[in-house]
Amino acid sequence: MSNSVLTLLGRHAMKFAVVAVLAVPAIVSVHDARTKPNDPNLAQLPARPASWWELGEAPSKVTAWINDHFGYRNDLVKLNNRTRFKVFHEFPSVQMSSGRHGRYFLTAHGTNELPYQAVIATCSGAVLSHKIAPYINQLFDTYQAAGLAPKLLIAPSAPVVHPEDLPAWLTPRCMGLDTPFKTLFASNALNPTAAASILFPLEQMREIKKSATLFPKTWFHWTGEGLDQVARLSLTAFWQRPLDQAPALQVRKHMQYSDVSHLFDGVGLQSEITEPDLEASQVKGCFGEACFPEVEAGKLLRDVSRFGNPKAPARRLLIISDSFGSKISPWYSRYYREVEQFATNNIDLLSPAQLGALKTYMYRNPGDTDILLLYHDGGAMYNDVLRYATERMLPVPAK
């Protein structure tokens with residue numbers, strides 16, 4: 001009898017071990033549910049069913065609660081992410097993918113998108129929405145009617161600047177120059193004012209990358225000493241202003257976690273970052289919601305920046321941008337006495353009154369202000385993002 005029991009136990013030992021291992025976090029989760037306050041961001045344990053309909057809904061609600069509250073859940077998620085990355089060199093999210101030569105790419109802007117959608121949309125063969133050209137024309141017509149003359153810098157993103165680092169099957173598609181925006185410029189769909197006011201410096205940035213960093217290998221956003229060359233390129237193309245009236249900015253290098261590390265707990269990607277040393281350059285700089293006490297909207301937009309350089313020419317640069325704007329804005333402080341940057345990612349948080357006050361503030365002193373609209377190619381093309389981001393920021397036509 002005892003031998004048969006031992007045989008049974010031996011035959012099912014692995015099953016018992018798995019149950020025992022899972023029992024520990026399961027008990028912890030039940031204990032935490034009774035002793036710790038509920039996190040409103042996590043699924044809540046449903047009440048006892050009071051109807052047949054609620055009874056039918058209970059299993060899915062209990063499953064959601066277990067998924068969110070399973071003991072040591074965060075530690076297990078980190079362990080899973082770290083193991084997959086170290087062993088298989090893969091990420092637990094469709095949003096990130098490994099390339100070649102140590103570079104990583106943001107390959108989808110959302111978890112519900114197709115793999116590599118964010119890359120494919122910027123490369124040869126991708127088709128722009130038919131709404132983009134008419135809106136760009138409308139944008140410049142509206143500014144012109146208000147007596148303003150903005151410029152639009154479309155920033156090429158990492159897949160087309162570093163196509164050689166993409167997975168081999170994607171490189172040929174992204175190596176060419178016939179990107180969607182290049183195709184748009186060649187189509188004659190833009191009116192003369194718009195066509196003369198847009199810069200998409202793909203060829204130039206492919207040259208710049210040979211001697212200066214534009215995209216650290218673990219980053220999605222651009223950053224690095226190469227951005228000073230992009231800034232100078234835009235100033236020459238748009239305003240033909242002298243470039244060396246103020247001393248060059250001093251720089252500092254430091255290691256920094258990737259701007260996309262928050263997408264996957266447990267995997268810490270780092271790169272060496274080169275940024276302007278504002279203090280050493282005697283430039284007064286500010287990043288974040290406290291930069292613009294003059295307008296309430298600054299706190300809500302959050303991704304804003306501001307710089308003052310007494311050594312620079314007495315002129316102001318206004319940058320209206322996506323999240324790429326705050327990475328290049330300090331480099332412009334060598335060339336302008338004042339630089340003010342407002343990202344539009346959170347524009348939907350502003351009330352009509354806050355938006356009106358912000359536009360009044362931004363478009364002040366037009367005679368002493370240059371206006372730069374700055375959006376990266378992927379963001380400008382996704383679901384009419386350029387229109388959504390800028391339409392509410394357009395000035396009121398002059399009477």
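On one side of helix 15, P352, A353 and T360 are exposed (over 50% relative accessible area, calculated with a 1.4 Å probe on protein chains only). The model is predicted, so local features need a pLDDT of at least 70 and side-chain atom pairs count only at pLDDT 80 or more, whereas totals for chains, interfaces and linings use all residues. Residues are numbered from 1 along each chain as its sequence is written, and side-chain values use heavy atoms, with hydrogens and water left out.

**Helix 15 and its surroundings**

Helices (H or I, at least four residues) and strands (E, at least two) are DSSP runs numbered from the N terminus. Helix 15 spans residues 352-362, and its buried residues (under 20% relative accessible area; partly exposed lies between the two limits) are Q354, L355, L358, K359, Y361 and M362. They lie on the same side of helix 15 because they cover an arc of only 160° around the axis, the arc being that of the directions from the helix axis to the C-beta atoms. An α-helix has 3.6 residues a turn, so residues three or four places apart point the same way. The buried residues of helix 15 pack against helix 13 (297-301), strand 8 (304-308), strand 9 (316-321) and strand 10 (338-343), where contact means heavy atoms within 4.5 Å.

**Strand 9 and the loop that follows**

Strand 9 is mostly covered, with 6 of its 6 residues buried. R316, L318 and I320 point one way from strand 9, while L317, I319 and S321 point the other way. In a regular strand the side chains alternate between the two faces of the sheet. Pairing requires that DSSP find at least two bridges between two strands. Strand 9 pairs with strand 10 in the parallel sense over 6 bridges, and I320 stands opposite F342 in strand 10. Strand 9 also runs parallel to strand 11 (residues 369-376), to which 6 bridges join it; here L372 is the bridge partner of I319.

S323 occupies the loop between strand 9 and helix 14 (325-328). S323 counts as buried because its relative accessible area is 15%. Leaving aside residues up to four places away in sequence, S323 touches H221, D303 and N345.

**Pocket and cavity**

Both kinds of space are found on a 1 Å grid over the protein atoms alone: a cavity is a set of points where a 1.4 Å probe fits but cannot get out, a pocket is an open set with protein on both sides within 12 Å along at least five of seven lines, and lining residues have an atom within 4 Å of a point. Grid points are joined across faces, edges and corners, and a volume is the space filled by probe spheres set on the points.

| Space | Volume | Residues nearest the centre |
|---|---|---|
| Largest pocket | about 420 Å³ | H109, D322, S323, N345 and H376 |
| Largest cavity | about 100 Å³ | L106, S157, A158, P159 and F220 |

The largest pocket is lined by 20 residues. Strand 11 and helix 17 (385-390) are the elements that give two or more residues to this lining, and helix 17 gives the most, with 3 residues.

The count comes to 1 cavity of 30 Å³ or more. The largest cavity is lined by 14 residues, and strand 2 (104-106), helix 7 (158-161) and helix 16 (377-381) each supply at least two of them.

**The chain as a whole**

The secondary structure comes to 17 helices and 11 strands. Of the 399 residues of the chain, 46% count as buried.
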